[in-house]
Amino acid sequence: MAKIHIEREHGMSWEKAREAAGHWAEQAKDKFDMHCTYTEGVASDEVVFKRTGVAGSLLVTDSSFALQAELGFLLSAFKDKIEAEVVKNLEALIASKAAPGLKN
């Protein structure tokens, strides 16, 4: 099994970071048929996601997002492509939510 670990600082308020994580979870549900569970905490929030062939979590803090995923045997062959797509989507989401004056 292949593992993916991506960590990015976000530079947004705690509220915006939570909003971005919620939006990310909705995208994961809609685009990739993931089952997502969002749990709010005091110092961090966690989105746990899974579907056949992949399971992982997105940890949200006031300063960063940390995504960890484990790919099943069949998806392991596409690790590099999947990781690149996740990075692209996460960075686009951070950029859109961190932009001053942008309403989402």
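Reader: Why is D45 called buried?

Author: Happy to explain, keeping in mind that this is a predicted model. The relative accessible area of D45 is 1%, and buried means under 20%, so D45 counts as buried.

Reader: Where is D45 found?

Author: Its place is in strand β3, which covers residues 45-51.

Reader: Which residues does D45 touch?

Author: Leaving aside residues up to four places away in sequence, D45 touches W14, R18, Y38, T39, E40, L58, L59 and V60. Each of these has heavy atoms within 4.5 Å of D45, because that is what contact means here.

Reader: What makes the link between D45 and G41 a polar contact?

Author: The side chain of D45 reaches the backbone nitrogen of G41 at 2.9 Å. A polar contact needs a pair of N or O atoms within 3.5 Å, with one able to donate a hydrogen and the other to accept it, so the 2.9 Å pair meets the distance cut-off.

Reader: How do you know that β2 and β3 pair?

Author: Pairing takes at least two bridges, and 5 bridges join β2 to β3, so the two strands pair. They run antiparallel, and H35 stands opposite K50 in β3.

Reader: In what order do the strands of the sheet stand?

Author: The open sheet has 5 strands, in the order β1-β5-β4-β3-β2, with antiparallel pairing.

Reader: Why is one side of β1 and of β2 left without a neighbour in the sheet?

Author: β1 (2-9) and β2 (35-39) stand at the edges, each with a single partner strand, so one side of each has no neighbour there. From one strand to the next, the twist averages 10°.

Terms used:
Residues numbered from 1 in each chain as written. Predicted model: local features only at pLDDT ≥ 70, side-chain atom pairs only at ≥ 80, totals over all residues. Heavy atoms only, no water. Helix = DSSP H or I, 4+ residues; strand = E, 2+ residues; numbered from the N terminus. Axes fitted to C-alpha atoms, helices over the stretch in contact; angles between N-to-C directions. Buried < 20%, exposed > 50% of the residue type's maximum accessible area, 1.4 Å probe, protein only.
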